[in-house]
Amino acid sequence: MARLSSIVGLIALSTSLVHGKVYTDLQQLDSAKESYDFIVVGGGVGGSVVASRLSENPRYNVLLVEAGPDNQGVTEIAVPAMFFGINSTYTWGHVTTPQAGLNNRSMPYTQGRVLGGSSSVNGMMYTRGSSDDFDLWGKVSGDRSWSWKTLFPYFLRNEKLVPPPGGRNASGQYDPRYHGYRGPTTVSLPWGGPTDFDLLAIKNAEQSKEIKFNVEPNSGKPSGLIWVQSTIGNGERCSAAVGFLGPKARERPNLTILLNTQATRVLPTKESRQLDIRTLEIASIASGKTTTVTAKKEVILSAGAFGTPHLLLNSGIGDKKELEAVKVKPIHHLPEVGKGLSDHLTFPVGWSANGVIRPVDYPAALAEWQTNRTGPLTEAVGHQVMFARIPPDAPLFKEHRDPASGPNAPHLEITLASQGPQVGAYIVLLTPKSRGSVKIASNNPLDKPLIDLGFLTHPFDIEAIKEGVRVAKRWYDGPAYKDYITGFLGPDPDTLPDDEFANSLKASAGTFWHPVGTASISPKEAKHGVLDPDLKVKGVKGLRVVDGSAIPYVPTAHTQASVYVLSERASDLIKDSW
């Protein structure tokens, strides 16, 4: 590992950096003394897209504020296979509150604190989810212009499908009709494969009555066995910072990127009949020095499903009584700020198998990546996964209403991974009924938020995970695996007593890091929700939210594609309003 680290360091030093108009400290911004039409808070997917799209118009002067450092020149971010070992410098270091549904267990929670946000540290899977998910946005917001049909052109605008690293022929593993080819976000299929394990899955799908091969999971109908598509181009991670804040964007004289600076509060700008909030308080990470900056038109919060409600609450926008309890002066009573958090819970299960481990020579693989951006380090999460619905006659539906957004929406994701003598899978609940929250512990905006995922606080979720394990068991009981799978290692809901299975689930459940819903959209005149359908904060002038916190229910997919499409349309909504 020491040798690997030294190689990584040399590559990082030799990578050419493009700085352009990028400030690394608050003092540089003070010296510039510029004025801005739009101030964007957070350099993740939402912030990168909005800042880039708005600054395409030379009439708009845009400031993007990011708490973390630059993404450029960081090899462990660029190399897809290194995403599990990215240095904590580039993450927030969040830890959840003790989870009531997990026997009071807390868990670390990875969220990016670097330009690109979580798209710089995630597993890069590119899945849009079900068409029903996006039609639900329209139902929840009372605005049917939020729909799969309306958003589909934005998916195409955002995407640039490219060949797999190394250029292998991926025909038959995707449907080109559902992809874009000129957007900023590069998407590709895996470098390797099909492996013997991949071919077993294809053969099993041909014989399975429950899970069939689906050539295109991003068509709006994701269910089935699918080939993984990832935000990887030319063998490198394509984060939102790579796609939207690369050299060309940084050359724009009307775009300023301020790094290593945390937004602490939004403040009323001037007294008026309607609360007018276009002023942002920011603090230097290095010195702690604070200052304020005011937008002529709007402040756009893109701090993520944890950061955005944290910022609103610290600003006095939230539930009046809860704010007063932590000595924050309320300026706008909006009780659902930070409420309604939903996320994807995961549960690992395993089988014994007749496979052989094929170890990777990491120094050689890194040298290959360095030389031509090919090889095993261009892959992060495997080649295939399954999306499945719980059978309609499953007993849990006699007690619980189906939470899926519609018939195209799967309830489950099941990962496929061969580890030699074992096969592992994560059972991922895509349609949880449990809800959590983001709160603040004090009136110090630099204190960490209180993140309660609410995992397993609704009984449906435990029963749904059981059904997910049963779907996976039926899959590996298929004839294609007869000579490969030798037994189920569990945990098994069909042999363990209910309480024992539940305790096993509570002990090993995790997350796929897909939080949404903490500043949800709702109809324009509604008293519930946080945002109007145009993503403006209810009852406030000059303040808008563009990130995963606006999404009302966690989609049946890895969330980055949903946030990309939300942000692409939001950029047009903002432009159209000015």
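Helix axes are taken here as lines fitted to C-alpha atoms over the stretch in contact, with angles running from 0 to 180 degrees between N-to-C directions. On this basis, in what is a predicted model, helix 5 (residues 131-141) and helix 6 (residues 148-158) pack at an angle of about 115°, and their axes lie 9 Å apart. Helix 5 brings Ser-131, Phe-134, Asp-135 and Trp-137 to this contact, while helix 6 supplies Trp-148, Leu-151 and Phe-155. Sorted by class, the residues that join helix 5 to helix 6 are five nonpolar, one polar and one charged.

We can turn next to strand 18, which spans residues 345-353. Seven of its nine residues are buried, so strand 18 is largely enclosed by the rest of the structure. Several pairings involve this strand. With strand 22 (residues 422-429), strand 18 pairs in the antiparallel sense over eight bridges, and within that pairing Trp-351 has Val-423 as its bridge partner. Strand 25 (residues 485-490) also runs antiparallel to strand 18, and four bridges join the two; here Ser-352 stands opposite Gly-487. A further antiparallel pairing, made by two bridges, links strand 18 to strand 26 (residues 510-511), where Leu-345 faces Thr-511.

The loop that leads from strand 18 to helix 12 holds Ile-357. Is this residue buried or exposed? With a relative accessible area of 56%, Ile-357 lies above the 50% cut-off and is therefore exposed. Ile-357 nonetheless has partners from elsewhere in the chain: once neighbours within four places in sequence are set aside, Ile-357 is in contact with Gln-419, Gly-420 and Pro-421. For one of these, Gln-419, the C-alpha atom is separated from that of Ile-357 by 6.1 Å, although the two residues are 62 apart along the chain.

Beyond the loop comes helix 12 (residues 362-372), in which Ala-365, Leu-366 and Trp-369 are buried. Viewed down the axis of helix 12, these buried residues fall within an arc of 100°, so they line one face of the helix. The spacing fits a simple rule: an α-helix has 3.6 residues a turn, so residues three or four places apart point the same way. Just after helix 12, Arg-373 takes a positive phi of about 60°.

Conventions. Residues are numbered from 1 along each chain as its sequence is written. This is a predicted model: local features need pLDDT of at least 70, side-chain atom pairs count only at pLDDT 80 or more; totals for chains, interfaces and linings use all residues. Side-chain values use heavy atoms; hydrogens and water are left out. Buried means under 20% relative accessible area, exposed over 50%, partly exposed in between (1.4 Å probe, protein chains only). The arc is that of the directions from the helix axis to the C-beta atoms. Contact means heavy atoms within 4.5 Å. Ala, Val, Leu, Ile, Met, Phe, Trp, Tyr, Cys and Pro count as nonpolar, Asp, Glu, Lys and Arg as charged, and the others, Gly among them, as polar. Two strands pair if DSSP finds at least two bridges between them.
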